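Hi there,

Here is the structure I said I would pass on. Please have a look when you get a moment, and my notes come straight after.

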Amino acid sequence: MTLIENHPEKNIIRVQLRQNNVLKELNESEMLELESHLIVVDGGKGEILLHQGIHEMEQYFILDGILKRVVTNQQAKEMILRFTDERDMETSYAAWRLKTPTPYSIVCVSKARVAKLPLQQWAAFMDKHPKLKQTFEYEVMRLMSEIMAHTITLHLLDAPGRVHRFLRKHPDLYDRIPKKELATYLNISPETLSRLKHQGKI
């Protein structure tokens, strides 16, 4: 874990941060103020950045790689709620505001790099920048709505329909996500996903 100022690739990281969907409208001085709080973390494939059920929460801006938001039950069965990649963010802001434990884990699907800070610091920064807070809270609501829509389609669409919806919504992610992970997200078996592809149905 390294502060941006001390990171050997700080110039690249600064460019990546400025391309982030939530941060791109910050001016130079605002970005420098935020940078002083950010720590850069490199995670390996399968590494857990945020554990389900804890109260110590952080805000993540993805610089490189793919993350997943995943819920695990007591039998260790996984449900993947969403994937996210560069220029996007991950958060447990709603749980933090409600003072409840994190309802999911955030895990690296691939080798990934993120810039992070404690949610308490992020909230304090946003309070000083109301426009940023409005953008961020809108994004949080959009993500929650997207997850709700995905959950509904698991019940309403057949297997080919679920795959087609994913291809329509996330065409850039299809070839970057391991097919076993994608199958879990779509609630189908990897064999079914492979069969659909061989049959030309996707």
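Below is what I found, going through the sheets and then the helices. Please keep in mind that this is a predicted model.

Let me begin with the sheet that has five strands. This open sheet of 5 strands is ordered β1-β2-β9-β4-β7, and its pairing is antiparallel. At the edges stand β1 (2-3) and β7 (89-90); each has a single partner strand, so one side of each lacks a neighbour in the sheet. Further in, β4 (residues 58-64) and β9 run antiparallel and are joined by 6 bridges. If you want a spot to look at there, Tyr 60 has Lys 116 in β9 as its bridge partner. Helix α4 lies across β4 and β9, and runs at about 70 degrees to β9.

Now the other sheet. Here 4 strands make up an open sheet, in the order β3-β8-β5-β6, again with antiparallel pairing. Its edge strands, β3 (48-50) and β6 (78-84), each pair on one side only. From one strand to the next, the twist averages 35 degrees. Strands β5 (residues 67-72) and β8 (residues 105-108) pair in the antiparallel sense over 4 bridges, and Lys 68 is found opposite Val 107 in β8. Helix α5 (residues 130-156) packs on this sheet, where it touches β5 and β6, and its direction makes about 135 degrees with that of β6.

On to helix α2 (residues 28-35). Which of its residues are buried? They are Glu 30, Met 31, Leu 34 and Glu 35. These residues cover an arc of only 140 degrees around the axis, which puts them on the same side of α2. The face turned away from that buried side carries Glu 28 and Ser 29, which are exposed. As for what the buried residues pack against, the partners are α1 (10-18), β9 (112-118) and α4 (119-127). So β9 and α4, which came up with the five-stranded sheet, return here as partners of α2.

Last comes a helix pair. Helices α6 (residues 159-169) and α8 (residues 190-198) pack at an angle of about 80 degrees, and their axes are 11 Å apart. The two are therefore roughly perpendicular to each other. In this contact, Ala 159, Pro 160 and Val 163 of α6 meet Thr 192, Leu 193 and Leu 196 of α8. Sorted by class, the contact has 5 nonpolar residues, 1 polar residue and no charged ones.

Happy browsing, and all the best!

Note on methods. Residues are numbered from 1 along each chain as its sequence is written. This is a predicted model: local features need pLDDT of at least 70, side-chain atom pairs count only at pLDDT 80 or more; totals for chains, interfaces and linings use all residues. Side-chain values use heavy atoms; hydrogens and water are left out. Two strands pair if DSSP finds at least two bridges between them. Axes are lines fitted to C-alpha atoms, for helices over the stretch in contact, and angles run from 0 to 180 degrees between N-to-C directions. Contact means heavy atoms within 4.5 Å. Buried means under 20% relative accessible area, exposed over 50%, partly exposed in between (1.4 Å probe, protein chains only). The arc is that of the directions from the helix axis to the C-beta atoms. Angles under 35 degrees count as roughly parallel, over 145 as roughly antiparallel, 65 to 115 as roughly perpendicular and the rest as oblique. Ala, Val, Leu, Ile, Met, Phe, Trp, Tyr, Cys and Pro count as nonpolar, Asp, Glu, Lys and Arg as charged, and the others, Gly among them, as polar.
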